[in-house]
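Please look over the sequence and the model shown below. The report that follows turns to the ligands, the pocket and one helix.

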Amino acid sequence: MDGIEEAVAPFRGTSVFGDLLTVWNYYRSIEHDFSEFESTFGIACPSRCGRCCERFIPDVTYLEALLIAFYLTSVKKEDISYLDGWGLSHDSCPLLDGSTKRCRAYAVRPIICRVFCSAASQTKNGLSFRGCHLSTDMPHMVREISDKELKASHIRIPVMSEYGEKIRQLQEWNTETKLLDEAVIELSAKLELLRRILAESGDDDDFTPQAS
Ligand code: SF4
Ligand code: SF4
């Protein structure tokens, strides 16, 4: 996915082009925060765990969903019809591949999936990191970090709520959230419509998102 700049090229001249790069570049800019935190404290999710993904469907903003929709349909060129109505009969995330226990869109996973095991929480007593207790029958690598360890650290500790706020500030209209399956289906349809318009007219039609 390093070549996202090339992959989004067909949308150049539309607002979608800028939106995709905005959220992608934001994800890239925060990677260092998490990797430094993880390496400093020896935090790592067990390979192919996915227990958290089996327990919820993420709520995502427009920008998060747009990048996922783009990645699945333009980069991976997958049939995503399985997403339609997913939430009506499932509690798990639709992007978890049940056979491999891997995320189908890991490179563009939403912010909650990035901070869940790699960021501290802000509490009234300061920062807190309690680790993950979902994968109890697996090697436990997402351990609790004591408040003393956190305070003594000289690195920047990523704080969960800050990333959630920041993603909403990337665009002033990027505030509403929807369940991932609904949002990705909706935006995939809008991307497909835009592809058709661009192919037929060659025009750089604006594609301003509607918070529908
Ligand atoms: S260790 Fe916890 S946070 Fe990491 S993948 Fe497993 S359930 Fe999710
Ligand atoms: S988007 Fe990927 S990482 Fe996030 S809950 Fe779904 S499967 Fe898990």
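## Ligands, pocket and helix α2

Around ligand 1 the shell comprises 9 nonpolar, 2 polar and 1 charged residues, where Ala, Val, Leu, Ile, Met, Phe, Trp, Tyr, Cys and Pro count as nonpolar, Asp, Glu, Lys and Arg as charged, and the others, Gly among them, as polar. The model is predicted, so that local features need pLDDT of at least 70 and side-chain atom pairs pLDDT 80 or more, while totals for chains, interfaces and linings use all residues. Residues are numbered from 1 along each chain as its sequence is written, chains are lettered from A and ligands numbered from 1 in the order in which they are written, and side-chain values use heavy atoms, with hydrogens and water left out.

Ligand 1 is surrounded by 12 residues, of which the closest are C45, C49, C52, F116 and C132 (a residue counts if one of its heavy atoms lies within 4 Å). Ligand 2 has around it C53, F56, P58, C93, L95, L96, C103, P110 and C113.

| Set of residues | Nonpolar | Polar | Charged |
|---|---|---|---|
| Shell around ligand 1 | 9 residues | 2 residues | 1 residue |
| Shell around ligand 2 | 9 residues | no residues | no residues |
| Lining of the largest pocket | 26 residues | 5 residues | 8 residues |

Ligand 1 sits in the largest pocket, and ligand 2 sits in the largest pocket too; sitting there requires that more than half of a molecule's atoms lie within 2 Å of the grid points. A pocket is an open set of points on a 1 Å grid over the protein atoms alone, where a 1.4 Å probe fits, with protein on both sides within 12 Å along at least five of seven lines, and lining residues have an atom within 4 Å of a point. The largest pocket holds about 910 Å³ of space, and among its 39 lining residues C45, Y106, R109, C113 and C117 are the closest to its centre.

To this lining α2 gives the most, with 6 residues (helices are DSSP runs of H or I with at least four residues). Helix α2 bends by about 30 degrees at I30, the angle being taken between axes fitted to the seven residues ending there and the seven starting there.

Technical notes: Points joined across faces, edges and corners; volume = space filled by probe spheres on them. Helix = DSSP H or I, 4+ residues; strand = E, 2+ residues; numbered from the N terminus.
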